[in-house]
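Me: I have a structure open and I'm new to it. Can you walk me through what is there?

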Amino acid sequence: MVNNPYQQYSQQYKQQSVMSMTAVEMLTALYDAAMKDFELAKIANEKKDIQGVNKNLQKVQAIFRYLRGNLDFKYEVSKNLDQLYEYFLNVAIQANIKKDFSQVDDVIVMIKELRDTYVQADKIARTSGAVV
């Protein structure tokens with residue numbers, strides 16, 4: 001396999017971008033990726049592309065497992081987020097196993113609301129000098 005220099009530089013750029021992200025930027029990037037992968041899984045399901053469904057829902061599952069694994073339970077909100085992430089994870093699993101996408105649109109809306117809340121809180125914190 002021949003290494004494409006563009007791919008190599010692109011990968012290095014992505015790594016540097018991730019390493020320089022704030023916590024809120026990382027969280028919003030993960031939420032964005034989860035929403036995108038849920039949408040791609042829905043499209044794949046409509047096309048009867050089982051591999052595409054599986055690939056995208058596996059990404060969603062990995063994101064929410066990662067987020068659950070990085071919660072700090074000394075904060076009360078972490079318990080609530082854990083339950084929410086567990087729900088998102090279960091919806092992704094059921095969509096993958098049973099091809100039941102009935103709850104996916106609601107979950108996407110919930111993820112977007114979470115994302116927007118974190119972005120807004122970050123803006124408020126930055127203007128007041130606090131850290132989110």
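Reply: One term to begin with: contact means heavy atoms within 4.5 Å. This is a predicted model, where local features need pLDDT of at least 70, side-chain atom pairs count only at pLDDT 80 or more, and totals for chains, interfaces and linings use all residues. Residues are numbered from 1 along each chain as its sequence is written, and side-chain values use heavy atoms, with hydrogens and water left out.

Me: OK, so what is Val 53 in contact with, leaving aside neighbours within four places in sequence?

Reply: Val 53 is in contact with Ala 41, Ala 44, Asn 45, Asn 96, Lys 99 and Phe 101, once neighbours within four places in sequence are left aside. Val 53 lies in helix 3. Helices (H or I, at least four residues) and strands (E, at least two) are DSSP runs, numbered from the N terminus.

Me: Is Val 53 buried or exposed?

Reply: Buried, with a relative accessible area of 0%. Buried means under 20% relative accessible area, exposed means over 50%, and partly exposed is in between (1.4 Å probe, protein chains only). The C-alpha atoms of Val 53 and Leu 40 are separated by 7.5 Å, and these residues are 13 residues apart along the chain.

Me: What about Asn 56, where is that?

Reply: Asn 56 is in helix 3 too. Asn 56 is buried because its relative accessible area is 7%. Not counting residues up to four places away in sequence, Asn 56 touches Asp 37, Leu 40 and Ala 41.

Me: Zooming out, how many helices and strands?

Reply: There are 5 helices and 0 strands, so the pattern read along the sequence is α-α-α-α-α. Of the 132 residues, 32% count as buried. Among contacts with a separation of 6 or more, 62% are between residues 24 or more positions apart.

Me: And how much surface does the protein expose?

Reply: About 8900 Å², with carbon and sulfur atoms supplying 54% of it. Accessible areas come from the Shrake-Rupley method with a 1.4 Å probe, and for residues only the protein chains shown count as cover.

Me: Which residues of helix 5 are buried?

Reply: Val 104, Val 107, Ile 108, Ile 111, Leu 114, Tyr 118, Asp 122 and Ala 125. These buried residues pack against helix 2, helix 3 and helix 4.

Me: What span should helix 5 have?

Reply: Helix 5 (residues 104-128) has 25 residues and at 1.5 Å a residue should span 36 Å; its end C-alpha atoms are 36 Å apart, which agrees. The expected span is 1.5 Å times one less than the number of residues. For the 24 residues of helix 2, the expected span is 34 Å and the end C-alpha atoms are 35 Å apart, which agrees.

Me: Where is Ala 121?

Reply: In helix 5. Ala 121 counts as partly exposed because its relative accessibility is 31%. Ala 121 and Val 24 are 97 residues apart in sequence and 9.2 Å apart in space, C-alpha to C-alpha.

Me: Changing topic: what is the phi of Lys 48?

Reply: Near 60 degrees, a positive value in a residue other than glycine. Lys 48 sits in the loop between helix 2 and helix 3 and is exposed, with a relative accessible area of 68%. Lys 99 also has a positive phi, about 55 degrees, although it is not a glycine. Lys 99 is in the loop between helix 4 and helix 5 and is partly exposed at 28%. Just after helix 5, Gly 129 takes a positive phi of about 90 degrees.

Me: Now pockets. How much space lies in the largest one?

Reply: About 460 Å³. Of the 17 residues that line the largest pocket, the closest to its centre are Ala 23, Leu 27, Asn 70, Leu 71 and Tyr 118. On a 1 Å grid over the protein atoms alone, a pocket is an open set of points where a 1.4 Å probe fits, with protein on both sides within 12 Å along at least five of seven lines; lining residues have an atom within 4 Å of a point. Grid points are joined across faces, edges and corners, and a volume is the space filled by probe spheres set on the points.

Me: Which helix gives the largest share of that lining?

Reply: Helix 2, with 5 residues. Helix 2 (23-46), helix 3 (50-69) and helix 4 (76-98) each supply at least two. The lining divides into 14 nonpolar, 2 polar and 1 charged. Here Ala, Val, Leu, Ile, Met, Phe, Trp, Tyr, Cys and Pro count as nonpolar, Asp, Glu, Lys and Arg as charged, and the others, Gly among them, as polar.
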